[in-house]
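Visitor: I'm new to this one and would like a close look at a single part. Could you take me to one helix, show me what surrounds it, and then walk me outward from there?

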Amino acid sequence: MFMSISTTGTAENPATDLGFLLHKHPGRVQRFSTAHGEAHVFYPEAGDEACTAALLLDVDPIALVRKGRGKGRAGSPDFALAQYVNDRPYAASSLLAVALRTVFRTAMKGVCETRPGLADRPRPLRISLPAVPVGGAAGEGAGTAMAVRLFEPLGWRVEASAILLDTEFPEWGESRHVRLELSAEHARLADALQQLYVLLPVLDGAKHYWVAPDEVDKLLAAGGGWLAGHPERALITRRYLARRWTLTRRAMERLELARLAEADDREAEEVDNAVDDSAEETAQEQEQQQDQDQDQDQDREPAGQRGPSLAEQRRTAVLDALRETGATRVADLGCGQGELIAALLKDARFTEVLGVDVSVRALSAAARRLRLDRMPERQASRVRLVQGALTYTDARLKGFDAAVLCEVIEHLDLPRLPALEYAVFGAARPPAVVVTTPNAGYNVRWESLPAGHLRHADHRFEWDRAEFRDWADRVAAAYGYTVDIRPVGPQDAEVGAPTQLALFRLTGDGAADAVPANTVTMDSTTPDEGGETR
């Protein structure tokens, strides 16, 4: 099993810098032990203008069988001869990927302590793989086309040619192996090695070892920075994880979260912060939390108040507004742990409910709260939970009778609010939109809330009644809606109600098609790639 990495250079930037990047001296042949044989690193050429490093993996077929699962590689025939007579010792598969990680571990991390900054500098690279197995399931494609689909979006120029079964008998046709050449004028070696580590097993469609849950972490570690934005990320994830659906879904959810976080220039932990870790400790705790809302202010009530909690009054007000519009298909945007969805499902008039949240943990908590795994099929067909960011246009939000933003807008930074406005009112354009948000003027009535503090640590702002009215009027005028502002909760003669609700209704023609200033648009993923939960 053979692979070579070549680069070019000048006297000022010699090609032999490749030795520093790989942490392997060009003047020596080095040998490394792996679980299934020995790996040799050597340099067929090493000069200022051109340098080539080669990795030769000498696989022991006997060790491969003894240390494997007893049935050869995944998907191969399980009769005895196939365990010893196969392409594993000669074609670049997961065996070579593991060898890359073993031999070039430091290079894959992009570390070069002897030459600081060298690992971050792109350089011309050419990677040659004489024999790569390409296996494709139905509908996935195979052969040279698969190699192009995987490597071209990463900036590689791909030269892939099929290998005949036997050159003396060309009429026998092509084998499932291709000769692969990858070249790029500007590429980081660490990125190239990480991409090969992931994509060689993906091309093969199989691994020589059992795919355990920790493979998700390996995939995301090696795919950081490029996999989340790859157009074939669903195919890559599915094949890398041996088509294990549970692991694939987990990886896709984390990739989508990473993609959204990168687009927002935030850490993934900041985006996926809708649920406290303690809220997911046990199922019993989840049951005890069913009647509590996500925000801290929903647990506070004014001194002496009795009756329904503010959270319950808010949900009742939202449901009343939805019934008033006659909506039957509702999108709960920023659904959190699914409190409103549960209330919607209790009313048979709501025939379809879509829950959207950027937080994977919130969606998991919502699925548990709703008992989706035990819900009757007819009831389950009424609800979908999908991951998505409300600051980007999303085709999945179109076609609903109404959308709800219940205690959502105050969790956005003000500069990103126009993006949400366009995504909901401009792109999705439901006939009705219900928005609730805290009334900042009422905060003085919370005995447990220090003066000048917001009701929740994640709130970016809170508006008084005049500010909310100004925002609602501006949005309605910009996108062709009328708006009706209503109080929710106990009325105070001086400061109003603790929550304010706006019911927007589409007027017909007056929609603004232009994207307002500061608006960011980006098509969301398809439902299959967006972490949908049923």
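Guide: Let's settle on helix α6 and then wander out to some other helix pairs and a few loop residues.

Keep in mind as we go that this is a predicted model. For a bit of background, the protein has 534 residues, and 51% of them count as buried. It contains 18 helices and 14 strands. If you take contacts between residues at least 6 apart in sequence, 73% of them join residues at least 24 apart. As for the outside, the accessible surface comes to about 24,100 Å², with 50% of that belonging to carbon and sulfur atoms.

Now to our helix. α6 covers residues 143-151, and A147 is found in it. Is A147 buried or exposed? With a relative accessibility of 0%, A147 counts as buried, because the cut-off for buried is anything under 20%. Who does A147 touch, then, once residues up to four places away in sequence are set aside? The partners are E152, V158, A160, L180 and L203. You can also use A147 to get a feel for distances: S161 sits 14 residues away along the chain, and the two C-alpha atoms are separated by 10.0 Å.

Next, look at how α6 meets another helix, α9. Their axes come within 10 Å and cross at roughly 115°. The two are therefore roughly perpendicular to each other. As for handedness, α6 passes α9 in a left-handed crossing. On the α6 side, the residues that do the meeting are M146, R149 and L150, and on the α9 side they are L235, I236 and R239. Sorted by class, that contact has four nonpolar residues, two charged ones and no polar ones.

Follow the chain out of α9 and you come to a loop. α9 spans 233-240, α10 spans 245-263, and R243 lies in the loop between them. R243 has a small quirk: its phi is positive, about 60°, although it is not a glycine. With a relative accessible area of 37%, R243 is partly exposed.

There's another arginine worth a look for the positive phi. R371 has a phi of about 55°, and it is not a glycine either. You'll find R371 in the loop between α15 (360-370) and α16 (377-380). Its relative accessible area is 31%, so R371 counts as partly exposed.

Back to helix pairs, this time α7 (residues 189-204) and α8 (residues 214-223). These two pack at an angle of about 145°, with their axes 9 Å apart. Here α7 passes α8 in a left-handed crossing. Q194, Y197 and V198 make the contact from the α7 side, while K218, L219 and A222 make it from the α8 side. Split by class, the residues of this contact are four nonpolar, one polar and one charged.

One more pair to visit: α17 (residues 417-428) and α18 (residues 465-479). Their axes are 11 Å apart, and the helices pack at an angle of about 50°. That angle makes α17 oblique to α18. The crossing of α17 past α18 is right-handed. From α17, the contact takes in L417, E421, Y422, F425 and G426, and from α18 it takes in W471, R474, V475 and Y479. In terms of class, you have six nonpolar residues, one polar and two charged in the contact of α17 with α18.

Let's finish toward the start of the chain, with N13. Where does N13 sit? Its place is in the loop between strand β1 (2-8) and helix α1 (17-22). N13 has a relative accessibility of 41% and so counts as partly exposed. If we leave aside neighbours within four places in sequence, N13 is in contact with D48, R121 and R123. Try finding E49 as well: N13 and E49 are 36 residues apart in sequence, yet their C-alpha atoms are 8.9 Å apart in space.

To go back to where we began, rotate the view to α6 and pick out A147, the buried residue with 0% relative accessibility. From there you can trace M146, R149 and L150 across to α9 again.

Note on methods. Residues numbered from 1 in each chain as written. Predicted model: local features only at pLDDT ≥ 70, side-chain atom pairs only at ≥ 80, totals over all residues. Heavy atoms only, no water. Helix = DSSP H or I, 4+ residues; strand = E, 2+ residues; numbered from the N terminus. Buried < 20%, exposed > 50% of the residue type's maximum accessible area, 1.4 Å probe, protein only. Contact = heavy atoms within 4.5 Å. Areas by Shrake-Rupley, 256 points an atom, 1.4 Å probe, with all protein chains shown as cover. Axes fitted to C-alpha atoms, helices over the stretch in contact; angles between N-to-C directions. Parallel < 35°, antiparallel > 145°, perpendicular 65-115°, else oblique. Left-handed = near helix turned anticlockwise from the far one by under 90°. Nonpolar A, V, L, I, M, F, W, Y, C, P; charged D, E, K, R; others polar.
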